Amino acid sequence: MTGVFDQIKLLFEQQLYTNVVSLANLVLSVSDHNPDILTVPAKFQTYVYYGDSLFYLGQYRKAEAMYQKALQFKKPLLKSKGTAKPQDNQKELMPDIDIKYQIHVCHVNLKQNHQAIEELRSIPGKLRNAKINMALAKLYQQGGMERSAITSYKEVLRVWSHVEECPLALEAAEGLLSLGVKGIEVNALVLEGASSFGNMDWLNSWIKAHFHLHNREYGQAISTFRQLDERSSLRDNLNLLVAMGESYYYSGDHKNALIVLQRARALDPHMQRGLDILAALLAKERKHKELEKLISPSITVSEYGPETWITMAYFLYATKKNSKAAYFAQKACFLSPRNVEALILKGAILLDLKKFQDAVVHFREAMQVSPHRYEPHRGLVDCYIAMHRLREALNIASNACKQLGQNPRALTLYASVLMKDPLTVCKAKSILEKALAQDEMYLPAVYLLAEMYEQEMALESAVTLLEKQVELQPTCKLHQMLGDLLARVHEEDKALDHYCTALNLDPNNRRALEGMHRIDHSSSKLDTSYFLTVGEEEGGDTTYERIADSENEGEADESETEAVWSDMDLELNSQ
C-alpha cells in the first residue's frame, strides 16, 4: 500500500469527499504515466473511492462513469488473480455486484430506470442478494412489469441456504400484495422464516389488513387496522395510521381519513407517505392555513419528494394560483411518473384552466395506473361534459360503475351525467334513489336528488328529503338548499331560519346571503316572490366541481361575500 493511497483512503474515511475528488483526479493522471505510484489493487480502489465521493456529492453522471472505469480496470486484475499470489489489497477488492448496484442507483437518480434495470440484470441470478432483488422488484413494478416484479419480491422473502434470510422485508411483502398476490401465499412466505423470532401475533393481522387494502376491500381493511391500533402494541404506529387513512380515503370517507392522517402528522411532522392525501383533504375542506403548515420551512428543495411538491401544488391550487400549481404538480410527475395523486391533481388544475385535452391525458394516465380509483373517472367525466361530449362522459361513468362497483359514489357520478339528457332523467332519479338506499347519508346523491325533485316541481318531496337529512347531519349546504326551497313555497320565515343556520355554520356562504337579501327585497316590495332553482346559478359548472363542492361546506371566498354584503347595504340605503 502506497503513502498516497493511504491519504486517499483516510480522506474518504473522514468523509472529505471534495478533497478525495481533487486528489484522486491528480493521482490517477500521474499513475497513467508512472505506474509505480500506485499498485494495481490500490489504483482500482482509488477509482472506487473517486466514484463513491462523486456519488455522495450528488454528481451521479460522473460517478457512474468512474464506477465503469473501475469495472473495466478490474477485469485484467481478476484474470491474473489465479496465477499470482493475491496481495492484501486484492483480497479486499469491492465486489462487482456492489459496484453495479451503485451504478444502478446513479441511473435511478438520473431518471434512467431502463439503464438501471439492465445494470442489475447483468448480475447472474445466483449472485443476486436481497438488496439486488429488492431494487429490481421496485424498478419492475414502476415500469409496469408485474410478473417480473412478483418474482423478484418473492426472491427477497424466500429462505435460501446460499443467501441471507429476509422474511421480515415487509416492503417486499406489501409489494406482493399490491401486485395481487394472495394474502395466504404472502403470509406463508413471511411466517415461514419469521417463526423463530418470538411472539409476533400482530404480523398476521398486518398482512391481512394490507391484503384487504390492496384488494380494495376497504371496509375490512379499516376494521383490521382499527383492531391493530386499539388492541395491540402497535397503537399510534405511524405506518399503520397512514395505511388506515388511505383506506378511509379510497373508500370515500374523507372525514375519517382526515382525522386519522392528522393524527399521523402530529406523531411525525416530517412524514412523507400520506402527506399528499392529507393535502388533498385539507384543500377540499378549504383549510388553507392548516394546508400551508404542512410545508415545513426547515426542508430544503433538494429534499423535496413527490409528496412535498404535491402539497405545495394543492396550496397554490386552493388559493387560485393555478399556473404555479400546475408547475409544482409537474415537478411531482417528473420525480414519480406513475404517481396517481400527482396525475389527478395536475388533471384537475388543467381542467380549471380549461385545457381539457391535456386534462384528459393526465386523468387517463392515472386511470391506467390505478383503474380502481374514483377520482380519475370523475375527472374524465368532467372533461367530456365541459367539451359537450356527453356520450363519452356517459361511457366513462358507466365504466366507473363496473370498475368501482355499484357503490354510492359511482352511482351518483353516473346519475349526474344522465341528468344532462332529458331522455335519461328518469333513469338518473332511480339510480340516485338506489345510491341512497345503500347509504342514506351520502350527501352528493341527496343534493342531486333534491335538485331533480325541484325540476319536476315535486317541491314537497324535495323539502321532505332535505328536512330528514338536516336532522341526520346538519350541514351548511343542506340548510341553504332547504332555505331556497322554502322560499319557493312562500314559507319565508322558515327559509330565513335555515339561511341563518347556514351562515352560522359558514359565514362565507354566498347563496345563503343572497337568499336572505332577496327575501328581504321581495317582502319590502310585497309584489314578487323569489324563485330560485337549486344549482341554477352553477349550471355551467362541471360535475367535478358540483360533486366536489357538495363534499365541502365553504363555497365562496371572502371577496365574494363582501360584494354581496355591499349589494345588501346599497339596496337598504336606497329604500
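1. Aromatic cluster. In this predicted model, ring pairs join seven named side chains into one cluster: Phe5, Phe12, Tyr17, Tyr49, Phe55, Tyr56 and Tyr60. The structure as a whole holds 13 aromatic pairs. Two further pairs are taken up in points 4 and 5.

2. Lys43. This lysine sits in helix H3, which covers residues 40-56. With a relative accessible area of 11%, Lys43 falls under the 20% limit and is therefore buried. Phe5, one of the cluster residues, lies 38 residues from Lys43 along the chain, and their C-alpha atoms are separated by 8.2 Å. Apart from neighbours within four places in sequence, Lys43 is in contact with Leu28, Ser31, Asp32, Leu38 and Phe73. An acidic residue, Asp32, is thus listed among the contacts of this buried lysine.

3. Gly51. Helix H3 also holds Gly51. Its relative accessibility is 0%, so Gly51 counts as buried. Beyond the neighbours within four places in sequence, the contacts of Gly51 are Ala63, Met66 and Tyr67. Ala70 is 19 residues away from Gly51 in sequence, with a C-alpha to C-alpha distance of 8.5 Å.

4. Tyr218 and Tyr250. These two rings form a tilted aromatic pair, with 6.0 Å from centre to centre and 55° between the planes. The pair links distant parts of the chain: Tyr218 belongs to helix H13 (residues 218-231) and Tyr250 to helix H14 (residues 238-251), 32 residues apart. Tyr218 has 15% relative accessibility and so counts as buried.

5. Trp309 and Phe328. This aromatic pair is tilted too, at 5.3 Å centre to centre and 35° between the planes. Because Trp309 lies in helix H18 (residues 306-318) and Phe328 in helix H19 (residues 322-335), the pair ties together parts that are 19 residues apart in sequence. Trp309 is buried, its relative accessible area being 7%. Phe328 is buried as well, at 16%.

6. Cavities. How many cavities of 30 Å³ or more does a search of the whole structure find? The search finds three. The second largest cavity contains about 60 Å³ of space. Its lining consists of Arg265, Pro269, His270, Met271, Gln272, Leu275, Leu294, Ile295, Ser296, Ile299, Thr308 and Thr311. By class, six of these lining residues are nonpolar, five are polar and one is charged. Arginine counts as charged, so the charged position in the lining is Arg265. One lining residue, Thr308, falls within the residue range of helix H18, 306-318.

7. Tyr453. Helix H26 (residues 443-455) contains Tyr453. At 13% relative accessibility, Tyr453 counts as buried. Leaving out neighbours within four places in sequence, Tyr453 is in contact with Lys429, Glu433, Ala458, Leu459, Ser461, Ala462 and Leu465. Among these contacts, Lys429 and Glu433 precede helix H26 in sequence. Val463 is ten residues from Tyr453 along the chain, and the C-alpha atoms of the two are separated by 9.1 Å.

8. Gln469. The position of Gln469 is in helix H27, residues 459-472. Is Gln469 buried or exposed? Gln469 is buried, because its relative accessible area is 2%, against a limit of 20%. Setting aside neighbours within four places in sequence, Gln469 is in contact with Glu440, Met441, Leu443, Val446, Pro474 and Leu478. Leu443 and Val446, two of these contacts, fall within the range of helix H26, residues 443-455. Helix H26 is also where Tyr453 is placed, and the contacts of Tyr453 include Leu459, Ser461, Ala462 and Leu465, which fall within the range of helix H27.

9. Overall figures. The protein has 32 helices and zero strands. Of its 575 residues, 50% count as buried. Contacts between residues at least 6 apart in sequence were also examined, and 55% of them join residues at least 24 apart. The accessible surface comes to about 28100 Å², and carbon and sulfur atoms account for 51% of that area.

Key. Residues are numbered from 1 along each chain as its sequence is written. This is a predicted model: local features need pLDDT of at least 70, side-chain atom pairs count only at pLDDT 80 or more; totals for chains, interfaces and linings use all residues. Side-chain values use heavy atoms; hydrogens and water are left out. Helices (H or I, at least four residues) and strands (E, at least two) are DSSP runs, numbered from the N terminus. Buried means under 20% relative accessible area, exposed over 50%, partly exposed in between (1.4 Å probe, protein chains only). Contact means heavy atoms within 4.5 Å. Accessible areas come from the Shrake-Rupley method with a 1.4 Å probe; for residues, only the protein chains shown count as cover. On a 1 Å grid over the protein atoms alone, a cavity is a set of points where a 1.4 Å probe fits but cannot get out, and a pocket is an open set with protein on both sides within 12 Å along at least five of seven lines; lining residues have an atom within 4 Å of a point. Grid points are joined across faces, edges and corners, and a volume is the space filled by probe spheres set on the points. Rings of Phe, Tyr and Trp (its six-membered ring) pair if their centres lie within 6.5 Å; planes under 30 degrees apart count as stacked, over 60 as edge-to-face and the rest as tilted.
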